[in-house]
Amino acid sequence: GKVLVTGANGFIAAWTVNAFLDAGFAVRGTVRSVAKAEHLKKTFGSYGDKFEYIVVPNIEEDGAFDEAVQGIDAVVHTATPVNLTAQDPAELIDPSLKGTMTLLRAAAGQRSVKRVVYLSSCATVIGDVPSEPRTYDETSWNEDDILEVQEKGRNAHQLAKYRASKIFAEKRAWEFYEENKVSLSWDLAVVNPPLVIGPVHHHVGEGIESLNASNQLLFAALTKGEYTIVPHWWIDARDLAHSLVLSATNPAAAGQRLLVAAGPYKWEDFAAAACKISTKTVPPPSSYDPMNVVYNPTCNNVKTNKLLGMVYRYSKEDTVRDVLQEWESH
Ligand code: NDP
């Protein structure tokens, strides 16, 4: 089979392309320009013609993905801006929402497509971390950030702008699926990961600011002791990529919202793992007692793990080890 991965040059997407190729699929990746495909062609050169790319300059344009979906069996949609710097929330919401809709419409016109996996986020599950203990699962929805953005617009807090962009797109994807399900050749599966970190497989330019947003958070935590966002759960990018292969191929994933998370974290956990193997990282404050940590909120994703047969291969220590190894080799 052949899989389409949108935004193939992104952090998660590059691992995803790799996972599908390793699972024996052919992959077509979309990128916004030829230049962005150069590194991918090199990275996946050993797979020969199993990897190809197509340039989709503007995912918001009607018909943008019509050519990209030709002859495709499954689609994984990852392309969307991920940043905490947008002024106008529309900078995030428009590409997220319109990009998802042009993709779903293209897939609806292509009978070879049997599964569409939309890469959503735990941003649609949980907003600001509550101070009270609370458990979230596949049925939880973050409604708060829609209100925050509707009320405050440009003055909404940065995380809310990003989270709203994911909520709008995921809700619209489910609506489209429900409205058109009877005539579609495919089922929708939605994958909702929390903080995704790990070594990189995609092209990263010079300087920390060219690293993708979630790895920048980890970098700030480990090298500066800056714990920028309130933590909840995490997953290694390579485990997420594996879960996307399962979500694209498992019949049971049809129509499911899948909460993939390896577990809860505190930034201090990653810092503690890092300072055991590197003298260049900032250890957690001495007041941090790993034996008595209370992790809140709780993620109950038993249903997802069972349904996918998902096994998380990377521990916090594994991920930190691989990330540090990479940083130190640069
Ligand atoms: P990256 O920033 O590494 O990748 C984003 C990808 O989307 C790139 O290919 C980028 O292309 C493309 N993109 C960005 N803006 C646009 C646009 N306006 N039009 C078309 N393409 C665009 O991010 P990640 O790999 O971290 O994220 C990928 C997906 O995973 C996103 O959908 C994100 O919401 C989701 N996710 C990420 C999490 C994380 O912690 N990283 C957590 C949960 C979900 P270009 O290089 O051309 O800009």
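Select phenylalanine 270 first: at 0% relative accessibility, this residue counts as buried. The model you are viewing is predicted. Now add tryptophan 267, which is also buried, with a relative accessible area of 1%. Both residues sit in helix α8 (residues 267–277), and being 3 residues apart they are separated by about one helical turn. Put a centroid on each ring: the centres are 6.4 Å apart and the planes stand at 55°, so the pair is tilted.

**Helix α5 and its rings**

Move to tryptophan 174 and tyrosine 177. Helix α5 carries both of them, 3 residues apart, about one turn of the helix. Are these two residues buried or exposed? Both tryptophan 174 and tyrosine 177 are buried. Across the whole structure, a search finds 12 aromatic pairs. Tryptophan 174 and tyrosine 177 make one of them, an edge-to-face pair with 6.2 Å from centre to centre and 65° between the planes. Extend the selection to Phe176 and Trp186: ring pairs link these two with Trp174 and Tyr177 into a cluster.

**From α5 to α4**

Stay on helix α5 and pick arginine 163, then aspartate 145. The two form a salt bridge in which the closest N and O atoms are 2.6 Å apart. This pair links distant parts of the chain, with aspartate 145 in helix α4 (residues 144–152) and arginine 163 in helix α5 (residues 158–180), 18 residues apart. Aspartate 145 and arginine 163 are both buried.

Next, select glutamate 148 and lysine 152. Their side chains meet in a salt bridge of 3.1 Å, N to O. Both belong to helix α4, where they are 4 residues apart, about one turn of the helix. The two ends of this bridge fall into separate accessibility classes: glutamate 148 is buried, at a relative accessible area of 15%, while lysine 152 is partly exposed, at 42%.

**Helix α2**

Go to glutamate 38 and lysine 41. A salt bridge joins their side chains at 3.6 Å, N to O. Both residues lie in helix α2, 3 residues apart, about one turn of the helix. Glutamate 38 is partly exposed, with a relative accessible area of 36%, and lysine 41 is partly exposed as well, at 40%. Now show the whole of helix α2 (residues 35–43): it lies across β2 and β3 and runs at about 175° to β3.

**The seven-stranded sheet**

Switch to a cartoon view and follow the strands from β3. In what order do the 7 strands of this open sheet lie? The order is β3-β2-β1-β4-β5-β7-β10, and the pairing is parallel. The edge strands are β3 (51–55) and β10 (257–259), each of which pairs on one side only. On average, neighbouring strands of this sheet are turned by 20° against each other, direction ignored.

Add helix α1 (residues 11–22) to the view. Helix α1 lies across β1 (2–6), β2 (26–31), β3, β4 (74–77) and β5 (115–119), and runs at about 175° to β1.

At the β10 edge, select strand β7 (residues 187–192). It runs parallel to β10, and 3 bridges join the two. Within β10, arginine 257 stands opposite valine 190.

**The three-stranded sheet**

Then display β8, β9 and β11. These 3 strands form an open sheet in the order β8-β9-β11, with mixed pairing. Its edge strands, β8 (195–197) and β11 (263–264), each pair on one side only. Strand β9 (residues 233–236) runs antiparallel to β11, and 2 bridges join them. Look at tryptophan 234: its bridge partner in β11 is glycine 263.

**A charged network**

Select Asp236, Arg238, Asp318, Arg321 and Asp322 together. A network of salt bridges links these residues. In total, the structure holds 17 salt bridges.

**The cysteines**

End with the cysteines. How many disulfides does the structure hold? The count is 0. Select cysteine 299 and cysteine 122: the sulfur of cysteine 299 has its closest cysteine sulfur in cysteine 122, 6.0 Å away, and therefore too far for a bond. Cysteine 299 counts as buried, at 19% relative accessibility; the cut-off for buried is under 20%. Cysteine 275, the last stop, is partly exposed, with a relative accessible area of 32%.

Note on methods
Residues are numbered from 1 along each chain as its sequence is written. This is a predicted model: local features need pLDDT of at least 70, side-chain atom pairs count only at pLDDT 80 or more; totals for chains, interfaces and linings use all residues. Side-chain values use heavy atoms; hydrogens and water are left out. Two strands pair if DSSP finds at least two bridges between them. Axes are lines fitted to C-alpha atoms, for helices over the stretch in contact, and angles run from 0 to 180 degrees between N-to-C directions. Contact means heavy atoms within 4.5 Å. A salt bridge is a side-chain nitrogen of Lys or Arg within 4 Å of a carboxyl oxygen of Asp or Glu. Buried means under 20% relative accessible area, exposed over 50%, partly exposed in between (1.4 Å probe, protein chains only). A disulfide is a pair of cysteine sulfur atoms within 2.5 Å. Rings of Phe, Tyr and Trp (its six-membered ring) pair if their centres lie within 6.5 Å; planes under 30 degrees apart count as stacked, over 60 as edge-to-face and the rest as tilted.
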